[in-house]
Amino acid sequence: MIHGVINVYKEQGFTSHDVVAKLRGIVGQKKIGHTGTLDPDAVGVLPVCLGRATKLCDMLTDKDKVYEAVMLLGVETDTQDTTGQILKSSETDEITEEQVRAAVLDFVGDYNQVPPMYSALKINGKKLYEIAREGKIVERAARRVQIFDIEILSIALPRVTMKVHCSKGTYIRTLCHDIGQKLGCGACMEKLTRTKVSRFEIKDSLTLAQIEVLKKEDRLSEILIPIDQMFANYPSIIVSGEAARLAYNGNGIKDRDVRKDENILDEAYVRVYDDVEDFIGVYQYHEKEREYRIRKMFYIKEEK
């Protein structure tokens, strides 16, 4: 089985589920998961986890992301993007670039965002988009999101191209809609590209076709990021003998039983390896007890 992460470029028309299904066929294994959905019309970075790396999916979903979006002013739709039905059209002739800049940048920081009806969020066990397709609208609780930064790349009214660095759970469609409400003319999203998720950047992403070629040439290892490298910023420690056996089972290990190249600070996360350099998992150091405790296990004993 293949274990690691691949930086996939999701193309237009594919759902995130489609990407996983196609990649299963390319690499020949079922244990694959993606790290956060992209709308079918959106393109860009979609890290996909294989094998034991599927344990990383929730961790990568939590990471902040960077998008490039084109916002269309003067148009409101039921989906908050240009794929939906137009609900309202407004003139934008009176709106100035200065007003647009002020409105856009006003969203930098924390704000309460109401998730769109056309989303995969569930209410009472049913996805919102399923309810929306029935012609219904239900109350949705606002969620606190963070917009770390917005860079306006260009303004050619009624279109505004911007780069958005935001927290997990932020809907760029809804951000466009909310900016339009602030301007009083309405707006929707015309185009979306996800350019970065955690360490994964669009310049390094590969299409499914490119990945398939590499698999056929037996060169998949060239693009596969090993699980432990996702934690490269953590210091590493090595265990052997009884300490390794404890670690294999997720038990705590004492500081006196590890080999390390640097002092480990209280509550610091570390990468734990055995003496043949197999990655076991991520542990956290507790100075008071002088002990490391499991945070995320990646070792599978049956494979030994």
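The exercises below work through salt bridges, nonpolar cores and one loop residue in a predicted model.

Residues are numbered from 1 along each chain as its sequence is written, and side-chain values use heavy atoms, with hydrogens and water left out. Local features need pLDDT of at least 70 and side-chain atom pairs count only at pLDDT 80 or more, whereas totals for chains, interfaces and linings use all residues.

**Exercise 1. Describe the salt bridges of Arg219 and the exposure of the residues that take part.**

Step 1: Apply the criterion, which asks for a side-chain nitrogen of Lys or Arg within 4 Å of a carboxyl oxygen of Asp or Glu; the count by this rule is 15 salt bridges.

Step 2: Find the partners of Arg219, which pairs with Glu217 at 2.5 Å from N to O and with Glu222, where the closest N and O atoms are 3.0 Å apart.

Step 3: Classify the exposure (buried is under 20% relative accessible area, exposed is over 50%, and partly exposed lies in between, with a 1.4 Å probe and protein chains only). Glu217 is partly exposed at 42%, Arg219 is partly exposed at 33%, and Glu222 is exposed at 52%.

**Exercise 2. Place the salt bridge between Glu291 and Arg293 in its network.**

Step 1: The closest N and O atoms of Glu291 and Arg293 lie 3.0 Å apart, and these two residues are linked with Lys254 and Glu289 in a network of salt bridges.

Step 2: Glu291 counts as buried because its relative accessibility is 16%, while Arg293, at 32%, is partly exposed.

**Exercise 3. Locate Ile172 within the largest nonpolar core.**

Step 1: Take a nonpolar core as a set of buried Ala, Val, Leu, Ile, Met, Phe, Trp, Tyr and Cys residues joined through side-chain atoms within 4.5 Å. The largest has 30 residues, of which Met71, Ile172 and Ile179 touch the most other members.

Step 2: Among the elements that each supply at least two residues of this core are strand E4 (65-73) and helix H5 (172-183), in a numbering of DSSP runs from the N terminus (helices are H or I, at least four residues; strands are E, at least two).

Step 3: List the contacts (heavy atoms within 4.5 Å): leaving aside residues up to four places away in sequence, Ile172 touches Tyr67, Ala69, Val164, Cys166, Met189 and Leu192.

**Exercise 4. Describe the surroundings of Thr82.**

Step 1: Thr82 sits in the loop between strand E5 (75-77) and strand E6 (86-89), and is partly exposed at 39% relative accessibility.

Step 2: Not counting residues up to four places away in sequence, Thr82 touches Leu72, Cys188, Met189 and Glu190, and its C-alpha atom is separated by 8.3 Å from that of Lys191, 109 residues apart along the chain.
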